[in-house]
Amino acid sequence: MKALEQKILNEGTVLGSDILKVGSFLNQQIDVDFLLDMCNEINRIYAGEEITKILTVEASGIAIAIAAAVVMHKNVIFAKKSKTSNVTGPVYGAKVHSFTHGTDNYITVPKDYINSNDKVLIIDDFLANGEALRGLIDIAEQAGAKIVGCTCAIEKGFQGGGDELRKKGYRIESLAIIDKMEPGNIEFRH
Ligand code: 5GP
């Protein structure tokens with residue numbers, strides 16, 4: 001998505017060798033008009049596909065997943081990263097290593113919210129090593145749901161997670177793919 005590439009060039013900051021900060025429009029302050037542009041693009045990509053639910057993981061995936069869900073008129077489920085007293089009953093779960101926090105989380109979705117009749121679109125903000133997507137795919141597959149595709153706003157292609165999942169046969173459609181980045185220079189895959 002050309003407009004996203006331009007937005008990343010205008011507002012993104014590369015931290016070290018592998019973190020892109022986009023807090024001005026996606027991760028802390030949210031540019032809602034731009035978020036809707038991204039979600040209209042997601043809707044266009046999956047036009048004609050039957051989707052029953054959108055699945056994401058807290059916290060940074062929730063904004064884009066909800067905006068996409070509003071555009072596509074689907075319910076959205078987010079996997080929780082920690083046990084809370086308001087989650088009761090059986091859950092599907094998967095271990096996910098957090099790229100930005102460096103910690104392991106056991107992400108969970110109650111079994112009541114996803115089942116084998118579901119056709120799921122998985123959405124997240126970033127795709128790096130693919131841990132978050134693998135955990136969400138695992139949960140959807142435990143439920144017997146069909147995975148229609150996975151879309152992240154920004155894929156850091158040089159970290160390889162997206163291509164690994166493509167090789168396994170999953171449909172991975174990122175809105176912008178960065179193949180190389182360093183402070184002051186970001187190169188996109190076309
Ligand atoms: P993965 O699980 O694919 O290794 O990493 C994806 C998750 O880590 C996303 O949910 C996102 O929250 C976070 N993440 C990975 N790389 C970046 C990055 O460069 N910038 C930001 N803001 N988040 C990232």
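1. A helix here is a DSSP run of H or I with at least four residues, numbered from the N terminus. With that in hand: Gln-6 sits in helix α1. Keep in mind as you read on that this is a predicted model.

2. Is Gln-6 buried, exposed or partly exposed? Its relative accessibility is 42%, so Gln-6 counts as partly exposed, given that the partly exposed class lies between the 20% and 50% cut-offs. If you want a sense of distance, the C-alpha atoms of Gln-6 and Ala-47 are 25 Å apart, with the two positions 41 residues apart along the chain.

3. Have a look at helix α3 next. Residues 32-45 make up this helix, 14 residues in total. From first C-alpha to last, α3 reaches 20 Å, close to the 20 Å expected at 1.5 Å a residue.

4. Which residues of α3 are buried? They are Phe-34, Leu-35, Met-38, Cys-39, Glu-41, Ile-42 and Ile-45. Viewed down the axis of α3, these buried residues fall within an arc of 150 degrees, so they line one face of the helix. Over on the other side of α3, you'll find Val-32, Asp-33 and Arg-44 exposed.

5. And what do the buried residues of α3 pack against? Three helices are on the list, α1 (2-11), α2 (23-27) and α4 (62-72), along with the strands β7 (119-127) and β8 (146-156).

6. Those two strands bring us to the sheet. It is an open one of six strands, in the order β4-β3-β7-β8-β9-β10, and the pairing is mixed. At the edges are β4 (75-79) and β10 (185-188), each pairing on one side only. On average, neighbouring strands are turned by 25 degrees against each other, direction ignored.

7. Zooming in on one pair, β7 and β8 run parallel and are joined by eight bridges. For instance, Leu-121 has Gly-149 of β8 as its bridge partner.

8. Two helices go with this sheet. Helix α4 packs on it, touching β3 (53-57), β4, β7 and β8, and the direction of α4 makes about 170 degrees with that of β3. Helix α5 (residues 131-142) lies across β3, β4, β7 and β8 and runs at about 170 degrees to β8.

9. One last residue to click on is Thr-151, in strand β8. With a relative accessible area of 0%, Thr-151 is buried, since buried means under 20%. Leaving aside residues up to four places away in sequence, Thr-151 touches Ile-42, Tyr-46, Ile-122, Ile-123, Asp-124, Glu-173 and Leu-175. Ile-42 in that set is also one of the buried residues of α3.

Technical notes:
Residues are numbered from 1 along each chain as its sequence is written. This is a predicted model: local features need pLDDT of at least 70, side-chain atom pairs count only at pLDDT 80 or more; totals for chains, interfaces and linings use all residues. Side-chain values use heavy atoms; hydrogens and water are left out. The expected span of a helix is 1.5 Å times one less than its number of residues. Buried means under 20% relative accessible area, exposed over 50%, partly exposed in between (1.4 Å probe, protein chains only). The arc is that of the directions from the helix axis to the C-beta atoms. Contact means heavy atoms within 4.5 Å. Two strands pair if DSSP finds at least two bridges between them. Axes are lines fitted to C-alpha atoms, for helices over the stretch in contact, and angles run from 0 to 180 degrees between N-to-C directions.
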